[in-house]
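Here are some short exercises to work through with the model open beside you. Try each task before you read its solution.

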Amino acid sequence: MRKLKITAALVAVTAIAAALTFLYGGSIFLTVRDRDTGKLMASYPAKDGECFSVSFVHSVNRTPVTDIYEIEDGHIFVEECLYYGFGAGVQSELNPGERLSFSDDGGMLISGIHENRDNVGYIVGTVYDHVLNVGGEDVSLRELCGRNAAVRFNCEKLYFR
C-alpha cells in the first residue's frame, strides 16, 4: 500500500510539473509549416523586435520582391515591402500611415505598414526560389520545403527545443 501511495504521489508531481511547463515554459519560435499537413519544416528562435524577410522573384513582372516582417508580442507584423515593378498582387496604392520611398537601386519601398499577418502563407517558386532571411541567415525554401510547396509562417511556443 505504501508503494502505491509513493507511486501515486510521483505521478501527481510529474503531472503538475508537466502542466506548469506547458503553461509557463517553452520558447517562442518562428515556425515554417506545410500549409496542408501542418508538418513542422523548420523553427527559428524569435524575440520581440526581431525581423525576418522573404524574398522572391515576382511571377508576373519577373522582378525581385522582399517582404519584411517583425515579431511583436508573439505575433508577426508586415512592416515593409520592397519591389521593383508593378504586377498582379503588388500594392499600387498607399494605405493610411504608409510611406513610399525609393532605394538607391530604383526599388520602391513601402514602409509604415504594421499589419498583423499571423499565418503568413507562400507557395515556394517552381522557377525562382523563395529565400527566408532569419537571424542574418538566408534559407532556401525550395531546398527546405521543395518546389511548389505551400508553407505557413507563425510564431509558436515550442517545448523541448
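A disulfide is a pair of cysteine sulfur atoms within 2.5 Å. The model is predicted, so local features need pLDDT of at least 70 and side-chain atom pairs count only at pLDDT 80 or more, while totals for chains, interfaces and linings use all residues. Residues are numbered from 1 along each chain as its sequence is written, and side-chain values use heavy atoms, with hydrogens and water left out.

**Exercise 1.** Find how many disulfides the structure holds, and decide whether cysteine 81 and cysteine 145 are buried or exposed.

*Solution.* Start with the sulfur atoms: searching the whole structure gives 0 disulfides. Next, take the classes: buried means under 20% relative accessible area, exposed over 50%, and partly exposed in between (1.4 Å probe, protein chains only). Cysteine 81 has 14% relative accessibility and is therefore buried. Cysteine 145, at 16%, is buried as well.

**Exercise 2.** List the salt bridges and say where arginine 33 and glutamate 156 lie.

*Solution.* Apply the criterion: a side-chain nitrogen of Lys or Arg within 4 Å of a carboxyl oxygen of Asp or Glu. This yields 3 salt bridges. In one of them, arginine 33 meets glutamate 156 at 2.8 Å, N to O. Arginine 33 belongs to strand E1 (residues 27-34) and glutamate 156 to strand E12 (residues 150-158), so this pair ties together parts 123 residues apart in sequence. Strands here are DSSP runs of at least two residues, numbered from the N terminus. Now turn to arginine 35, which pairs with aspartate 36, their closest N and O atoms being 3.1 Å apart. Arginine 35 is partly exposed at 41%, whereas aspartate 36 is exposed at 59%. Finally, arginine 117 and glutamate 115 form a salt bridge with closest N and O atoms 2.6 Å apart. Arginine 117 is partly exposed at 35%, and so is glutamate 115 at 31%.

**Exercise 3.** Describe the surroundings of histidine 130.

*Solution.* First, place the residue: histidine 130 sits in the loop between strand E9 (120-123) and strand E10 (131-134). Then check its cover: with 8% relative accessibility, histidine 130 is buried. Look for contacts next, meaning heavy atoms within 4.5 Å. Leaving aside neighbours within four places in sequence, the partners of histidine 130 include Phe56, Tyr122, Gly125, Leu141 and Arg142. Last, follow the side chain of histidine 130, which reaches the backbone nitrogen of glycine 125 at 3.0 Å.

Terms used: Helices (H or I, at least four residues) and strands (E, at least two) are DSSP runs, numbered from the N terminus. A polar contact is a pair of N or O atoms within 3.5 Å; within protein, one must be able to donate a hydrogen and the other to accept it, and residues adjacent in sequence count only if both atoms are side-chain atoms.
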